[in-house]
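Biologist: I am new to this protein and would like a close look at one part of it. Please start from a single residue and work outwards.

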Amino acid sequence: MAFEPPPRLVRALGETPRDAATDDWLHRLPELAQEAVARWELTVERVQVPGGRSSLVVLVRTREGTPAVLKLVPPRSRPDSERAALAHWGGLGAARLLDDVAEAAGDGALLVERLQRDVSVRSLPEAKSMLEAAGTLRRLWVPPPASHRFETVAERTGRQAEAMRSCADPDVAPLVTAALAAREGLLASVPEGAEALLHGTFRQSKVLAAERVPWLAVGPDPVVGECAFDLARLVRDRVEDLIASPSGAAVARRRVKRLAEALEVDQERLRGWTLFRAVESGVRAQRVGRPQDAELLLEFAGWL
């Protein structure tokens, strides 16, 4: 079976400057997929299309006949970090890792429990979807393993802040300044004992229907830090609906309050991280040529 990368994945990888490791991975992707299938003695059903923006997803069955997902992740998306996080969660709140961490071959391949990829909590009414997503996220917030090598919130947002400072759009400059100031203040006053292993890129579309429990998270880009950072991405979910609503700004501010109360995080810290993450995503969308996404995100950020 051919394992050609779906166009969506190729486009996404092309949105940012490509490095030699990514180019090599993309060129070797069909070979890497064949090697992973042979290593785990998998039966291939089909490649998931359109698939994700950061990995090749193949629906497979294990040698025992268990439905599973084979993911091949480029080096820059930190597959070893994803594997380590899934192993640490052990199936609690997230899809279960089916391969042994020690079996990692350095090719970015992961074998993961198969969920219902076409059924996410976004299929539920808005209030119910937020409730289920928040409950799933809470289960993921556990202490990181001792001597972990996960990236920290300070490290990740430090890189992002550098990229934001290069934004030359004068109309966006006030938002960038406010977002950078919010980050500095938040990092200077992290509550004691607030460190947890976070999903890193959590949103409703990352929560899929499962069999052993109703909902499980997939696709983490794990990071260690305070929970408000993780929750901030969920605040702006369905941003296109918020922008289209006459009361969108009020709904967004109420969402910050309700999510902060429901998950017991500080409301102002959640607002600050929501502002930073929305501006960072908006500036990045603008930089890679997605002006409509940038406009939505930056308008949302202006409400905060």
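Biologist: Leaving aside its neighbours within four places in sequence, which residues is Val-60 in contact with?

Modeller: A caution before the list: this is a predicted model.

Beyond its neighbours within four places in sequence, Val-60 touches Leu-42, Thr-43, Val-44, Glu-45, Thr-66, Pro-67, Ala-68, Val-69, Leu-70, Leu-111 and Arg-114. Val-60 itself sits in strand β2. Its relative accessibility is 0%, so Val-60 counts as buried. Arg-46 lies 14 residues from Val-60 in sequence, and the two C-alpha atoms are 7.2 Å apart.

Now the strand. Of the 6 residues of β2, 5 are buried, so the rest of the structure largely encloses this strand.

Next, the sheet. Its order is β1-β2-β3-β4: 4 strands in an open, antiparallel arrangement. Two of them, β1 (43-47) and β4 (109-113), are edge strands, and each pairs on one side only. On average, neighbouring strands are turned by 30° against each other, direction ignored. Strands of a sheet pair through backbone hydrogen bonds.

Take the pairings one by one. The antiparallel pair β1 and β2 has 4 bridges. Here Arg-46 faces Leu-59 of β2. From β2 to β3 there are 6 bridges, again antiparallel. Leu-59 now stands opposite Val-69 of β3. The hairpin of β2 and β3 has 5 residues between the strands, and Gly-65 takes a positive phi near 90° there. Strand β3 (residues 67-72) is joined to β4 by 5 bridges, and these two run antiparallel. Follow Val-69 once more: its bridge partner in β4 is Val-112.

Helices pack on this sheet. Helix α2 (residues 20-39) touches β1, β2 (56-61), β3 and β4, and its direction makes about 150° with that of β3. Helix α3 packs on the sheet too, touching β3 and β4; its direction makes about 30° with that of β4.

Helix α3 leads us away from the sheet. It is among the elements that cover the buried residues of α4. The others named there include β6 (196-198), β7 (207-209), β8 (215-217), α7 (227-235) and α9 (248-263). Helix α4 spans residues 126-140, 15 residues in total. At 1.5 Å a residue it should span 21 Å, and its end C-alpha atoms are 22 Å apart, which agrees. Which residues of α4 are buried? They are Ser-129, Met-130, Ala-133, Ala-134, Thr-136, Leu-137 and Leu-140. Seen down the axis of α4, these buried residues fall within an arc of 165°, so they line one face of the helix. The face turned away from them carries the exposed residues Ala-127 and Leu-131.

Helix α7 takes us one step further, to the aromatic rings. The whole structure holds 3 aromatic pairs. In one of them, the ring centres of Phe-229 and Trp-273 are 5.2 Å apart and the planes stand at 90°, so the pair is edge-to-face. This pair links distant parts of the chain: Phe-229 is in α7, Trp-273 is in helix α10 (residues 267-287), and 44 residues separate them. Phe-229 is buried, with a relative accessible area of 1%. Trp-273 is buried as well, at 0%. Trp-273 also pairs with Phe-276, edge-to-face, at 5.9 Å centre to centre and 90° between the planes. Both of these residues belong to α10, 3 residues apart, about one turn of the helix. Both are buried. Phe-229, Trp-273 and Phe-276 make up one aromatic cluster.

One last helix meets α7 and α10. Helix α11 (residues 291-303) has 13 residues and reaches 19 Å from its first C-alpha to its last, close to the expected 18 Å. Its buried residues are Ala-294, Leu-296, Leu-297, Leu-298, Phe-300, Ala-301 and Trp-303. They pack against α6 (173-187), α7, α8 (239-244), α9 and α10.

To return to the start: Val-60 is buried, and β2, its strand, is joined to β3 by 6 bridges.

Terms used
Residues numbered from 1 in each chain as written. Predicted model: local features only at pLDDT ≥ 70, side-chain atom pairs only at ≥ 80, totals over all residues. Heavy atoms only, no water. Expected span 1.5 Å × (residues − 1). Buried < 20%, exposed > 50% of the residue type's maximum accessible area, 1.4 Å probe, protein only. Arc of directions from axis to C-beta. Contact = heavy atoms within 4.5 Å. Pairing = 2+ DSSP bridges. Axes fitted to C-alpha atoms, helices over the stretch in contact; angles between N-to-C directions. Phe/Tyr/Trp six-rings, centres within 6.5 Å; stacked < 30°, edge-to-face > 60°.
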